[in-house]
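Subject: Structure for you to look at, with notes

Dear colleague,

I am passing on the structure we talked about, and my notes follow below it. Please keep it open beside the text while you read.

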Amino acid sequence: MFADTDTAPPAAPDRPGRRTAAPWVLMYHSVHEFTDPAEDPYGITVTPRTLDAQLGWLRSRGLHGVSVGELRRARKAGRGAGLVGLTFDDGYTDFLTQALPLLQRHGCTATLFVLPGRLGVDNVWDPLGPRKPLLSAEGIRSAAGAGMEIGSHGLVHRHLTTCADDELRQELRGSRELLRELTGRLPEGFCYPYGSFDRRVLTAARAAGYHYACAIVPGRLSGPYAMPRTHVSQADGPGRLRVKRLRHQVRELSRTVFP
């Protein structure tokens with residue numbers, strides 16, 4: 001069992017408050033050059049040129065990409081206007097070689113959700129491939145040293161809803177402690193592998209000491225431990241990004257509370 005070593009985040013409010021929308025958070029995975037769609041069967045890869053154009057589009061709309069931790073702190077201080085969260089799941093090595101230089105060129109930060117139980121191996125959970133190498137411990141430290149937020153994606157990319165309670169604690173608390181050993185600080189954020197979670201998993205993420213957790217389409221569980229995100233693909237040019245932003249805004253009109 002892993003003991004909590006920092007102050008747990010405050011309890012979520014138990015009754016509705018003022019209406020406030022969830023922040024717009026974009027979900028990326030791999031940034032790599034490719035030409036054949038067969039090389040990207042899961043639609044998780046964008047080319048460097050596409051990422052560059054998408055970050056430029058944000059800037060042209062008066063928006064600025066930041067890590068989720070930075071975004072949450074800014075919103076709490078009343079300075080969140082114009083900020084968009086940027087997240088990169090899985091921790092592929094191409095984050096350092098392809099994504100990071102572009103983020104720096106545009107003056108952006110991002111949250112990188114990594115798997116400390118799969119350091120230096122590949123995305124074995126994707127049966128159709130292609131195999132993509134994952135960051136080593138040194139690679140994760142390099143990303144953190146460049147000002148990127150490091151969050152946990154669990155130990156080995158499992159469907160957490162199928163885990164027994166002790167396995168779930170290892171995926172949540174165990175991965176958090178391993179990342180502290182790697183980077184020197186406990187990660188604030190968690191990202192549910194496959195976007196798969198339920199109330200039990202959400203409660204366990206909070207109990208593990210995380211300050212927030214990212215999902216994809218969280219439905220009624222939306223909140224700081226089930227933050228909605230917008231998947232961004234190679235096909236997302238200016239028109240599609242405008243539609244996705246509008247869709248997020250419309251969806252959030254039905255929300256009542258988002259701390």
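Helices α5 and α6 are oblique to each other, because their axes, which come within 10 Å, cross at roughly 50°, and an angle counts as roughly parallel under 35 degrees and as roughly perpendicular from 65 to 115. The crossing of this pair is right-handed. On the side of α5 (residues 165-183), the contact is formed by Asp 165, Leu 168, Leu 172 and Arg 173, and on the side of α6 by Arg 200, Val 201, Ala 204, Ala 205 and Ala 207. Please bear in mind throughout that this is a predicted model.

As for the chain as a whole, it has 259 residues, of which 50% are buried, and its secondary structure amounts to seven helices and ten strands. If one takes the contacts between residues at least 6 apart in sequence, 68% of them join residues that are at least 24 apart.

A second helix pair is worth setting beside the one above. The axes of α1 (residues 48-60) and α3 (residues 94-105) also come within 10 Å, and they cross at roughly 25°, which is under the 35 degrees that serves as the limit, so these two helices are roughly parallel to each other. Here, too, the crossing is right-handed. Pro 48, Leu 51, Asp 52 and Leu 55 are the residues of α1 that make the contact, while α3 contributes Gln 98, Ala 99, Leu 102, Leu 103 and Arg 105.

Helix α3 also has a part in the strand arrangement, since β5, α3 and β6 together make a right-handed β-α-β unit. Strands β5 (83-90) and β6 run parallel and are joined by four bridges, and within this pairing Asp 89 stands opposite Phe 113 of β6. The next step repeats the pattern: β6 (residues 111-114) pairs with β7 in the parallel sense, again over four bridges, with Ser 152 of β7 as the bridge partner of Val 114, and helix α4 (residues 137-145) completes a right-handed β-α-β unit with β6 and β7.

Which residues lie on the two sides of β6, and are they buried or exposed? Thr 111 and Phe 113 are on one side and Leu 112 and Val 114 on the other, and all of them are buried, so that both faces of the strand are covered. In a regular strand the side chains alternate between the two faces of the sheet. The two faces of β7 (residues 149-152) are likewise covered, with Glu 149 and Gly 151 buried on one side and Ile 150 and Ser 152 buried on the other.

Helix α2 (residues 68-76) has Val 68, Gly 69, Leu 71 and Ala 74 among its residues, and these four are buried. The buried residues of α2 pack against several strands, namely β1 (25-28), β4 (64-66), β5, β6, β7 and β9 (212-214). Just after this helix comes Gly 78, which takes a positive phi of about 80°.

To return to α5, Arg 180 is found in this helix and is partly exposed, with a relative accessible area of 30%. Although Arg 180 and Ile 150 are 30 residues apart in sequence, their C-alpha atoms are 9.9 Å apart in space.

Finally, there are some backbone details in the loops that you may wish to view in the model. In the loop between β6 and α4 one finds Pro 130, and the peptide bond that leads to this residue from Gly 129 is cis, with omega near -10°. His 157, in the loop between β7 and α5, has a positive phi near 70° although it is a residue other than glycine; with a relative accessibility of 7%, which lies under the 20% limit, His 157 counts as buried. Tyr 194 is not a glycine either, and has a positive phi of about 65°. Tyr 194 belongs to the loop between β8 (189-191) and α6, and its relative accessible area of 38% makes it partly exposed.

With best wishes

How values were computed: Residues numbered from 1 in each chain as written. Heavy atoms only, no water. Buried < 20%, exposed > 50% of the residue type's maximum accessible area, 1.4 Å probe, protein only. Pairing = 2+ DSSP bridges. Right-handed = clockwise from strand over helix to strand, strands pointing away. Axes fitted to C-alpha atoms, helices over the stretch in contact; angles between N-to-C directions. Parallel < 35°, antiparallel > 145°, perpendicular 65-115°, else oblique. Left-handed = near helix turned anticlockwise from the far one by under 90°. Contact = heavy atoms within 4.5 Å.
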